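I opened this structure to look up its enclosed spaces, one open pocket and one strand. These are my notes, in the order I made them.

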Amino acid sequence: MAVAGGEHLRVEQDHRGVAVATIDVAGMPVNVITEGLVRELGELVQQWERDAPRAIVFRSGKSSGFLAGADVRQIQRLRTVEEVQAVLRAGQELFQRLERLPCPVIAAIHGPCLGGGLEFALACHYRIARDDPSTRLGLPEVQLGLIPGWGGTQRLPRLVGWKRAVTMILEGASLPARKAWEAGLVDAIAEPAQWEAAVERFVTERLQGVALPRPRKSLTDRLLDGTWAGRWLIFSQARKRLGVRAEHYPALTAALRALEAGLRGRRVDGFAVERQEFARVVFTPAARRLLELFFAREKARKTATWVGSDVPIRTFQKVAVIGGGVMGSGIAQLLAVNGYTVVVKEVQAELAAAAQQRIAELLRTAVAKEVLRPADAQAAMQRLTVTTDWEPLQGADLAVEAVVEKEEVKRTVFQELARHLGPQAILASNTSALSISRLAEAVPEPGRVAGLHFFNPVHKMPLVEVIRTLHTQPETIAALVELVRKLGKVPVVVADSPGFLVNRILFPYLDEAVRLLLEGVPAEAIDRAAVRFGMPMGPLELLDQVGIDIAADVSKTFAALAVEPSPTPQHFAAMVADGALGKKTGRGFYQYEGDKRKGLTSWARPSVGTATTLVEEPSVGDTELSELQQRLIYPMLNEAARCLDSGVVPEAWMVDLAMVLGTGFAPFRGGPLHTADALGIPRLVRELDVLQRRCGPRYTPAPLLRTLAAEERDFYPADDRSAVAMPTPATGSASPHP
Ligand code: NAI
C-alpha cells in the first residue's frame with residue numbers, strides 16, 4: 001500500500017508495517033542526491049519522527065544502482081564558503097536525524113553506492129548488499145579533489161576501523177559486496193538470484209532482534225584500530241605515504257584532518273571539522289580541475305559530442321581481433337566480457353595458443369580481483385575463439401587489427417579483412433602511430449576504416465582514441481564511439497595525424513627525457529622531476545613499461561617529422577638490439593625483478609654529457625617549475641597547442657581529457673592546456689624562447705601560443721569552465737603522415 005509519494009521517493013507500507021522507501025530520482029539514469037531528493041527525504045524523516053513504522057527499508061528504483069553520490073553539478077555551482085557550509089550542515093543534520101529514528105533503518109544496496117550515497121547508507125542502521133560485480137561501495141570524493149562532507153569521515157571508521165577507513169578515503173577506492181562484508185561495511189550480502197527473499201528475511205530478522213554474524217578481524221587490525229598507539233601509527237604512516245601527492249591534492253590531508261578529528265573528541269566536533277575541511281578544499285584549483293575533468297569525461301561519453309545526433313548508431317555482435325599479442329588479447333578479453341562474440345586471428349598455432357592463454361589469464365585475474373564473477377568469466381571464454389584461419393571470421397561486423405607495428409603487414413591484413421568480411425564490416429586499426437588514411441587506401445571501402453587506439457594495459461586504461469580519416473563515414477565513427485562507451489571506456493575522436501593526439505603530445509616529452517639522459521642528467525633526477533610535477537611515474541620508467549621496442553617503432557614515425565635530429569631513436573635501437581626491452585624482459589632503463597623495480601641498467605648511465613646543473617628540481621608549486629621540469633613538460637604543452645591549432649581535436653578540453661586519461665598527465669593540473677593557462681601563456685612563450693635559444697628549435701613556441709599571448713587570451717576563458725573551441729573543426733587529416 002502506497003503511503004507517500006514524492007517525485008523522487010516512493011513509500012509503501014508492507015503487511016508487517018515496514019515502510020519501503022524506493023529512491024528513484026526523476027529524470028536521471030542513475031540515482032544521485034539532488035536538492036529535490038534531500039527535500040523529500042527531509043519530509044519523510046519528519047513524518048517518521050512523529051510516527052515511526054516498525055522498520056524502514058531504503059531501496060533503489062533504478063536497475064543502474066542504489067545511489068551514486070551527490071549531484072556533482074550542484075557542488076560545482078556552489079560559490080561561497082557559507083553556501084558550502086549550509087549544504088553540508090543540512091545534509092549532516094538530515095542524516096543524523098535518520099540515524100536517530102527509533103525503528104531499524106535498513107539500506108538494501110545493489111549496484112554503485114558511492115560518495116554521498118554511501119554516507120546516506122552509513123547513516124542507516126543496517127546495510128545489506130547484492131553480491132554481484134556492479135555493486136561497489138566507497139567514498140571516491142578525493143578523486144574530485146573533495147572529501148566526504150556528509151559524515152563519511154566520521155561514520156566509516158566506526159564500521160570498518162581506522163586503518164581501512166583511512167585507506168578507503170585516501171584512495172577513493174570502492175569495495176565489492178563481499179569485501180564490504182569482510183570489512184564490516186555491510187551487515188549481509190546475498191546472491192542476485194536470492195536477493196528479494198534475502199532482503200525480506202534480513203528485515204524480518206532485524207524485527208525479531210536476531211544477532212548478526214560478524215567477520216573476524218585479524219589481531220594486527222585489532223591492535224592497530226583498537227589502541228591509541230595503533231591509531232597514531234595508522235595516521236603517521238598514511239601521512240608519510242602521501243609524499244608529494246599531499247602538496248598536489250589538498251583533499252588528501254584535509255580528509256586525514258577530518259578523520260583525525262573524529263578520533264580525538266566527541267563526534268559533533270568531527271562533523272564540524274569535516275565541514276570546515278570540505279569548505280577549505282572545494283574552491284582549490286585542484287578541485288576545480290578535477291571536477292571539470294569529471295564533466296569532460298561525461299561529455300566525451302556522449303555520442304552526440306562527436307557526431308551529429310541524426311547519425312544512425314550501428315551496433316556490433318561479432319568482432320574479429322587480428323593479432324593476439326599484448327594488445328589484441330587485452331582487446332579480445334574486454335570485448336568478450338562485454339558480451340561480444342570474439343574471434344582472434346593469429347598467424348601460427350603456438351601463437352594462437354599463447355593468445356588464448358593470455359586472455360584466460362586476464363579473465364582469471366579479473367575473477368581474483370572480484371571485478372568478474374567466475375560464471376561471467378566462463379561465459380566470456382565461451383564467446384571467444386582463437387584461430388589461425390580466416391574462415392571463422394566470416395560474419396564479423398567489426399575487425400580490430402592489432403598486429404605488429406609495420407605498415408606493410410597491416411596493409412596486407414586490411415586487404416585480407418576486406419576480402420573475408422565483406423563490404424559492411426567496419427575495419428579498425430589499433431596502431432600507435434601509423435597513418436590510418438594509408439591503411440584505408442588498401443581496401444575498397446575507406447569510409448568504413450578508422451583507428452581504434454586502445455592504451456596498454458587495455459583493461460585498466462580508460463581512454464580509447466577513435467581516429468577518423470578524411471574518408472571515414474560519420475556512421476563508422478558513431479558505431480565505434482558507441483562501442484567504446486559500451487566497453488566502459490571514454491572515447492576521444494581525433495583526426496588522423498602522426499601519433500594521433502596522445503602519443504603525439506607524449507612523445508616529445510619521452511624524447512626529451514632520453515636527450516637529458518644523454519646530456520648526463522641522472523635518470524633518477526629525470527623521473528623524480530616528472531613525478532614531482534604530478535606525473536604518475538617518470539618518463540624513463542614509463543618507457544620501460546610501454547616497451548622499448550614499441551617506443552623504437554613509434555620514434556621512427558616521429559623522427560621523420562622532427563624539426564631537429566634526435567639521438568633517441570638510435571638509443572632505443574641499441575637497447576632493442578641488446579634485448580633491453582623494458583619491464584617485459586626484466587631490464588630497460590631500470591632492472592626489474594617480477595613487478596619490482598630495482599637499480600638502473602647501463603642504458604640509464606650513458607657515459608656522455610655532463611649536464612649536472614639540471615640535477616636539482618626544488619620546486620613543486622603549481623606554477624613554479626624547475627629548469628629540468630620545464631625541459632620535460634614544456635614540449636608537451638607546446639605540442640598540445642599545435643594539436644589544437646591544427647584541428648586534431650577541435651576543443652581544448654578534449655586535449656586535456658585525453659592526456660589525463662591516456663597518460664595520467666597530472667590530473668590536479670587539469671591537462672597540458674590548463675597547465676599552460678595556469679603558468680600564464682606570455683610567460684610560457686618567453687620561457688620557450690629561452691629554451692629554444694639554449695637547446696634548439698624544437699622549443700620554438702607554437703604559433704597558437706604566440707597568438708594567444710599577443711591577444712592576452714587563454715585556452716580556457718577565466719571563470720568560464722567550458723572549454724574554448726577553436727574555429728577549425730577537426731575533420732580528416734590534421735597534418736600529413738610522413
Ligand atoms: P605484440 O607484438 O604483442 O602482438 C602482435 C601480435 O600480432 C603477435 O602475436 C603476432 O603474432 C601477431 N601478428 C603479426 N602479424 C599477424 C598477422 N598477419 N595476422 C595475425 N596476427 C599477426 O604487439 P602489441 O604490443 O600487442 O601491439 C599491437 C599493435 O598495437 C601495434 O600496432 C602497436 O603499435 C599497437 N599498440 C601497442 C601498445 C602497447 O603499449 N603495446 C599500445 C597501443 C597500441
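Before counting, I fixed my term: a cavity is a set of grid points where a 1.4 Å probe fits but cannot get out. I also noted that this is a predicted model.

**Entry 1: cavities**

How many cavities of 30 Å³ or more does the structure hold? I found two. I then turned to the largest cavity, which has about 80 Å³ of space. I listed its lining: Ile23, Ile33, Leu37, Val38, Leu41, Leu67, Gly91, Leu94, Phe95, Phe120 and Trp150. Which elements each supply at least two residues of that lining? They are α1 and α3, the latter spanning 81-100. I sorted the lining of the largest cavity by class and got 10 nonpolar residues, one polar and no charged.

**Entry 2: the second largest pocket**

Next I looked at an open space. About 650 Å³ lies in the second largest pocket. I counted 26 residues in its lining. Which of them lie nearest the centre of this pocket? I noted Pro508, Leu561, Ala562, Val563 and Glu639. Three elements give two or more residues to this lining: α22 (502-519), α25 (548-559) and α27 (627-645). The largest share comes from α22, with six residues. By class, I recorded 14 nonpolar, four polar and eight charged residues in the lining of the second largest pocket.

**Entry 3: strand β4**

I moved on to β4, residues 55-60. Is it buried or exposed? Six of its six residues are buried, so the strand is largely enclosed by the rest of the structure. For this I took buried to mean under 20% relative accessible area.

I wanted to see both faces. In a regular strand the side chains alternate between the two faces of the sheet. On one side of β4 I found Ala55, Val57 and Arg59, and on the other Ile56, Phe58 and Ser60. Residues on both sides are buried, so both faces are covered.

**Entry 4: the neighbours of β4**

Which strands pair with β4? One is β3 (residues 18-23), which pairs with β4 in the parallel sense over six bridges. Here I picked out Val18, whose bridge partner in β4 is Ala55. Another is β5 (residues 105-109), also parallel to β4, over three bridges. Val57 of β4 has Ile106 as its bridge partner in β5.

Last, I traced the link between β3 and β4. Together with helix α1 (residues 35-50), they make a right-handed β-α-β unit. I had met α1 already, in the lining of the largest cavity.

Definitions and conventions: Residues numbered from 1 in each chain as written. Predicted model: local features only at pLDDT ≥ 70, side-chain atom pairs only at ≥ 80, totals over all residues. Heavy atoms only, no water. 1 Å grid on protein atoms, 1.4 Å probe; cavity = no way out; pocket = protein on both sides within 12 Å on 5 of 7 lines; lining within 4 Å. Points joined across faces, edges and corners; volume = space filled by probe spheres on them. Helix = DSSP H or I, 4+ residues; strand = E, 2+ residues; numbered from the N terminus. Nonpolar A, V, L, I, M, F, W, Y, C, P; charged D, E, K, R; others polar. Buried < 20%, exposed > 50% of the residue type's maximum accessible area, 1.4 Å probe, protein only. Pairing = 2+ DSSP bridges. Right-handed = clockwise from strand over helix to strand, strands pointing away.
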